Amino acid sequence: MNRRTVLGAAGSLAVGTITVATAVVRSRSDDAFVSAARNGPPADDVVTEQLLPDTVHETPIYTIEAPADGATVMVFGGVHGDEYNGIEVSHEVTEWRPNAGTLVVVPETDRVAVENERREGVDGDLNRHFPIDEEPTTELARGIWDAVERYDPDVVLDLHRSLGIFDLHQRYVGQALFHSADAPAKEIVASLNDVVPWYMPAHRFVAEPSTHPSPLLFKKAAHELGSTAYLFETTSFMLDQEAKNTFTRAATARVLARHGMLEVSMEVER
Amino acid sequence: MTPTIRRILAGPATIVTFILLVVPFGLGWLKTALFTPLALPGYLIYAVGSAIGNAIAPRFELWVYWVPFIAACYAISVAVGASYEWVCEQLSESDQ
């Protein structure tokens, strides 16, 4: 085999790879859950209010009232300011139109951290400021918790991003849906894994019950308000921003669907 | 003819195997949409290698495992290249 043959083989390989990839990208864009969330009926009402107005933490809360009664779901992005998938997708979610229920979205929960593009805001890691059965420990955490108590959500979904993969890399928790004991997380994850290509087996999502008390927002909501609570983690490991957003978007739509907000069932997608 | 060290280290079978392991995975690393089934061998080598590395040295970021990944892919390629040369040699001897 001479050099020309080797170069020809490498060129054919590159063309073949791009052709297959184009087909894969096309199939991934056809997500029935996201489509249902984007193309639902016009909302009865969309309200924007400010959390902690006239403070450094001031950030909008969007409330979308669907035409039919249903669950109240709160979606948080930007609890960590450098986890852009949660921020970008929750901004998208403010444009979604569920069929039933009330969708409450906080896209930039720790606004200072988001503006600085850093994990932590002025008082450190926001997701360590929500001790169970105690008052939240910072002004921002108290403001958020006041809003959570006011909306009294049936479901809380907090969107995050890790650097590695749960159970593969010791320190990291990516590609996992942590959840309260009552959550139908296995069903959601089974559907979400339809979005993960079969040839990326390490990236398949896992559902992990999270019952040990610790000062995380979703755990406080589960323990004190009885909310069905989720913390979603995708990963930066081998994934670009577009892929992280795709997984985050797909997970959010599935949580809404499973809790009755969208007219699409898990069985439809399979 | 006995294969030379140079042919085992940089022969066509070695180079093609190396390209097959590294290029499809590298494309997927650059842009996730470019991950394809062709990237699976490289993907598995990187995933397992980074898991072992992370267990031994948890402080390192996961991109640093590109260095051992390239080394591992080359070692595998050399093994494939050597096997290929050996098979070719056996076939040519049986023809004589």
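**Glu187(A), salt bridges and the contact of chain A with chain B**

Colleague: Which class does Glu187(A) count as by relative accessibility?
Modeller: The model is a predicted one, and in it Glu187(A) has a relative accessibility of 29%. Buried would require under 20% and exposed over 50%, so a residue at 29% lies in between and Glu187(A) counts as partly exposed.

Colleague: In which helix of chain A is the place of Glu187(A)?
Modeller: The C-alpha atom of Glu187(A) is separated by 35 Å from that of Thr137(A), a residue 50 positions away along the chain. As for its own secondary structure, Glu187(A) belongs to the helix that covers residues 185-192 of chain A, namely H6.

Colleague: What percentage of the residues of chain A count as buried?
Modeller: Chain A is built with nine helices and eight strands, and among its contacts with a separation of 6 or more, 75% are between residues 24 or more positions apart. Of the 270 residues in this chain, the share that counts as buried is 56%.

Colleague: Where is Arg161(A) found, and is this residue buried or exposed?
Modeller: Arg161(A) sits in strand S5 of chain A, which spans residues 155-162. Leaving aside residues up to four places away in sequence, Arg161(A) touches eight others that include Asp82(A), Glu83(A), Glu233(A) and Lys244(A). Its relative accessible area is 13% and the limit for this class is under 20%, so Arg161(A) in strand S5 is buried.

Colleague: How many residues apart are Arg111(A) and Glu115(A), which form a salt bridge, and by about what are they separated in their helix?
Modeller: The closest N and O atoms of Arg111(A) and Glu115(A) are 2.9 Å apart, and the pair forms a salt bridge. Arg111(A) is partly exposed at 27% relative accessibility, whereas Glu115(A) is exposed at 52%. Both lie in helix H4 of chain A (residues 111-116), and because they are four residues apart there, the separation is about one helical turn.

Colleague: Which residues are linked with Asp125(A) in a network of salt bridges?
Modeller: One pair in this part of chain A is Arg128(A) with Asp125(A), whose side chains meet in a salt bridge at 3.9 Å, N to O. The two partners fall in separate classes, since Arg128(A) is partly exposed at 41% relative accessibility and Asp125(A) is buried at 10%. The residues linked with Asp125(A) in the network are Glu83(A), Arg119(A) and Arg128(A).

Colleague: Which residue forms a salt bridge with Arg7(B)?
Modeller: Arg7(B) is in helix H1 of chain B (residues 5-10), and its partner, 78 residues apart from it, is in helix H4 (residues 66-95), so that the pair links distant parts of the chain. Arg7(B) is partly exposed at 37% relative accessible area, while the partner is buried at 7%. The closest N and O atoms of the two are 3.2 Å apart, and the partner is Glu85(B).

Colleague: About how much area do chain B and chain A bury between them?
Modeller: The contact draws 31 residues from chain B and 29 residues from chain A. Within chain B, the most area is lost to chain A by Thr32(B), Tyr43(B) and Leu62(B), which together account for 22% of what that side buries. Carbon and sulfur atoms carry 74% of the buried total, which comes to about 2,700 Å².

Colleague: Which residues form the salt bridge between chain B and chain A?
Modeller: Side chains of opposite charge can pair when their charged atoms come close. The count between these two chains is one salt bridge, although nine residue pairs across the interface are in polar contact. In that salt bridge the closest N and O atoms are 3.1 Å apart, and the residues are Glu242(A) and Lys31(B).

Colleague: Which element gives the most residues to the side of chain B that touches chain A?
Modeller: Nine residue pairs are in polar contact across this interface, and the elements of chain B that give two or more residues to its side are helix H2 (12-30) and helix H3 (40-56). By class, that side has 24 nonpolar, five polar and two charged residues. The element that gives the most, with 11 residues, is H2(B).

Colleague: How many disulfides does a search of the whole structure find?
Modeller: Among the cysteines, Cys73(B) is buried at a relative accessible area of 0%, whereas Cys88(B) is partly exposed at 32%. The search covers all chains, and the number of disulfides found is zero.

Technical notes: Residues numbered from 1 in each chain as written. Chains lettered and ligands numbered in written order. Predicted model: local features only at pLDDT ≥ 70, side-chain atom pairs only at ≥ 80, totals over all residues. Heavy atoms only, no water. Contact = heavy atoms within 4.5 Å. Buried area = accessible area lost by both parts, 1.4 Å probe. Salt bridge = Lys/Arg side-chain N within 4 Å of Asp/Glu carboxyl O. Polar contact = N/O pair within 3.5 Å; in protein donor to acceptor, adjacent residues only side chain to side chain. Nonpolar A, V, L, I, M, F, W, Y, C, P; charged D, E, K, R; others polar. Disulfide = S-S within 2.5 Å. Buried < 20%, exposed > 50% of the residue type's maximum accessible area, 1.4 Å probe, protein only.
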